[in-house]
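Student: I've got a chain to look at and not much time. Can you walk me through it?
Tutor: Sure, ask away once it's on screen.

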Amino acid sequence: MPTYQIRAPTAALPQGVVMAASPGSLHSPQQLAEEATRKRELRLMKNREAAKECRRRKKEYVKCLESRVAVLEVQNKKLIEELETLKDICSPKTDY
């Protein structure tokens with residue numbers, strides 16, 4: 001839980017009102033810049049990992065779809081052959 005320090009009121013604040021500041025706001029500009037850089041690097045690293053995982057899942061999904069397409073193509077071919085066979089059996093043959 002963060003601790004807060006009480007600052008002396010400034011002229012812009014009404015009488016009796018004080019401003020609270022977290023301890024993190026009392027860092028030097030260099031510390032703030034280092035913290036911002038560290039946070040950015042952490043965010044970029046997490047983003048890289050998330051993107052890598054997303055690409056892996058997409059690759060797996062595409063492989064699954066390709067496999068399904070192959071199965072359906074074989075099934076479709078068999079059904080077309082069966083249809084042709086049934087047409088040959090059921091169609092009246094006329095010999096002239």
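Student: How many salt bridges does the structure hold?
Tutor: Five salt bridges. Keep in mind that this is a predicted model.

Student: Which residue does Arg 56 meet in a salt bridge?
Tutor: Glu 53. The N to O distance between the two side chains is 2.5 Å.

Student: How many residues apart are Arg 56 and Glu 53?
Tutor: Three residues apart, about one turn of the helix. Both lie in helix H1.

Student: And Arg 57, which residue does that one form a salt bridge with?
Tutor: Glu 53 again. Here the closest N and O atoms are 3.9 Å apart. Arg 57 and Glu 53 are four residues apart in helix H1, about one turn of the helix.

Student: Which residues are linked in a network of salt bridges?
Tutor: Glu 53, Arg 56, Arg 57 and Glu 60.

Student: Is Glu 53 buried, exposed or in between?
Tutor: Glu 53 is partly exposed, with a relative accessible area of 31%. Arg 56 counts as partly exposed too, at 43% relative accessibility. Arg 57 is partly exposed at 45%.

Student: Now away from that network. What does Glu 41 form a salt bridge with?
Tutor: Arg 40. The closest N and O atoms are 3.9 Å apart. Glu 41 is partly exposed at 43% relative accessibility, and Arg 40 is partly exposed at 45%.

Student: Let's zoom out. What does the secondary structure of the chain come to?
Tutor: One helix and two strands. From the N terminus on, the order is β-β-α. The helix, H1, covers residues 29–90.

Student: How much of the chain counts as buried?
Tutor: Just 1% of the 96 residues. The accessible surface of the chain comes to about 9,400 Å². Carbon and sulfur atoms account for 60% of that surface.

Student: Which residues make a nonpolar surface patch?
Tutor: Tyr 61, Val 62 and Leu 65. The patch is about 270 Å².

Student: Why does Val 62 count as partly exposed?
Tutor: Because its relative accessible area is 34%, and partly exposed runs between the 20% and 50% cut-offs. Val 62 lies in helix H1.

Student: What does UniProt say about residues 62–89?
Tutor: An unreviewed UniProt entry annotates residues 62–89 as "coiled-coil region". That label comes from the record.

Student: What is the chain like over residues 62–89 in the model?
Tutor: The chain is 100% helix and 0% strand there. The end C-alpha atoms of that stretch are 40 Å apart.

Student: New topic. How many disulfides does the structure hold?
Tutor: Zero. A disulfide is a covalent bond between the sulfur atoms of two cysteines.

Student: Take Cys 64, then. Is it buried or exposed?
Tutor: Cys 64 is exposed, with a relative accessible area of 51%. The cut-off for exposed is over 50%, so Cys 64 counts as exposed.

Student: And what about Cys 54, buried, exposed or partly exposed?
Tutor: Cys 54 is partly exposed, with a relative accessible area of 43%.

Student: Quick recap before I go. What should I jot down?
Tutor: Note the β-β-α order from the N terminus on. Add the five salt bridges and the zero disulfides. Then mark the nonpolar patch made by Tyr 61, Val 62 and Leu 65.

Technical notes: Residues are numbered from 1 along each chain as its sequence is written. This is a predicted model: local features need pLDDT of at least 70, side-chain atom pairs count only at pLDDT 80 or more; totals for chains, interfaces and linings use all residues. Side-chain values use heavy atoms; hydrogens and water are left out. Patches are made of residues with over 30% relative accessible area and no salt bridge: like charges are joined within 9 Å, nonpolar side chains (Val, Leu, Ile, Met, Phe, Trp, Tyr) within 5 Å. Accessible areas come from the Shrake-Rupley method with a 1.4 Å probe; for residues, only the protein chains shown count as cover. A salt bridge is a side-chain nitrogen of Lys or Arg within 4 Å of a carboxyl oxygen of Asp or Glu. Buried means under 20% relative accessible area, exposed over 50%, partly exposed in between (1.4 Å probe, protein chains only). UniProt positions are given in the numbering used here, feature names are shortened, and annotations may be inferred rather than shown by experiment. A disulfide is a pair of cysteine sulfur atoms within 2.5 Å.
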